[in-house]
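Open your viewer and get the cartoon on screen. Let us walk through the model together, one selection at a time.

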Amino acid sequence: MNIREKLEQLKQNPEDVYSHSQSEGRFSKNYTNPVEVKYIPTEDVFQLRVFDMEGGEQLDSKKFHSVDEVMDDLNFERNSG
């Protein structure tokens with residue numbers, strides 16, 4: 001299952017969270033820190049949260065209305081090698 005499909009699945013399973021770190025074969029050009037994406041059904045939005053690498057403290061939070069917006073913000077590129 002690719003990242004887009006995983007994000008789309010969050011709508012069917014709002015209790016799930018998509019987590020991403022830079023070591024997973026793709027990296028985000030916009031975030032070097034770990035990110036989590038969760039779907040919030042009451043607001044019909046995807047919430048992206050950015051965390052500190054060491055302490056797990058939340059550094060930033062953004063809301064998006066579609067998977068495309070989340071993917072654009074993450075701006076993934078494949079890791080080489």
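## A tour by way of the charged pairs

Select K62 to begin: at 28% relative accessibility, this lysine counts as partly exposed. The model you are looking at is predicted, so please read each stop with that in mind.

**Stop 1: K62 and its partner.** Which residue forms a salt bridge with K62? Add D73 to your selection, and you will find its closest N and O atoms to those of K62 3.2 Å apart. The two come from distant parts of the chain, with D73 in helix α2 (residues 67–74) and K62 in strand β5 (residues 58–64), 11 residues apart.

**Stop 2: around D73.** Keep D73 selected. Is it buried or exposed? At 14% relative accessibility, D73 counts as buried, the cut-off for that being under 20%. Now show the residues that D73 touches: leaving aside those up to four places away in sequence, they are N30, Y31, L48, K62 and F64. The salt-bridge partner K62 is thus one of the residues on that list.

**Stop 3: R49 and E36.** Next, pick R49 and E36 and show their side chains, which meet in a salt bridge at 2.9 Å, N to O. R49 belongs to strand β4 and E36 to strand β3, so this pair ties together parts that are 13 residues apart in sequence. How accessible are the two ends? R49 has 23% relative accessibility and counts as partly exposed. E36 also counts as partly exposed, with 22%.

**Stop 4: D44 and K11.** Move on to D44 and K11, whose side chains form a salt bridge of 3.8 Å, N to O. D44 sits in the loop between β3 (35–40) and β4 (45–51), while K11 is in helix α1 (residues 3–12), so the contact ties together parts 33 residues apart in sequence. Colour both by accessibility if you like: D44 is partly exposed at 38%, and K11 is partly exposed at 39%.

**Stop 5: charges over the whole chain.** The pairs you have visited are among the 5 salt bridges that the structure holds. Side chains of opposite charge can pair when their charged atoms come close. To see the wider setting, select every charged side chain: there are 10 positive and 17 negative ones, and the centres of the two sets lie 4 Å apart.

**Stop 6: zoom out to the fold.** Return to the cartoon and colour by secondary structure. How many helices and strands does the protein chain have? You should find 2 helices and 6 strands. Traced from the N terminus on, the elements run α-β-β-β-β-β-α-β.

**Stop 7: overall dimensions.** Switch to a C-alpha trace and turn it along its principal axes, where the atoms fill a box of roughly 40 × 30 × 20 Å. The radius of gyration of the protein chain is 12 Å, which agrees with the value near 12 Å that a compact globule of 81 residues would have.

**Stop 8: surface and interior.** Finish with a surface view. The accessible surface comes to about 5,100 Å², and 43% of that belongs to carbon and sulfur atoms. Of the 81 residues, 31% count as buried, and D73 carries that label too, at 14% relative accessibility. For a last look inside, turn to contacts between residues at least 6 apart in sequence: 38% of these join residues at least 24 apart.

Conventions:
Residues are numbered from 1 along each chain as its sequence is written. This is a predicted model: local features need pLDDT of at least 70, side-chain atom pairs count only at pLDDT 80 or more; totals for chains, interfaces and linings use all residues. Side-chain values use heavy atoms; hydrogens and water are left out. Helices (H or I, at least four residues) and strands (E, at least two) are DSSP runs, numbered from the N terminus. The radius of gyration is taken over C-alpha atoms; the globule rule is 2.2 Å times the number of residues to the power 0.38. Buried means under 20% relative accessible area, exposed over 50%, partly exposed in between (1.4 Å probe, protein chains only). Contact means heavy atoms within 4.5 Å. Accessible areas come from the Shrake-Rupley method with a 1.4 Å probe; for residues, only the protein chains shown count as cover. Lys and Arg count as positive and Asp and Glu as negative; His and the chain ends are not counted. The place of a charge is taken as NZ of Lys, CZ of Arg, CG of Asp or CD of Glu. A salt bridge is a side-chain nitrogen of Lys or Arg within 4 Å of a carboxyl oxygen of Asp or Glu.
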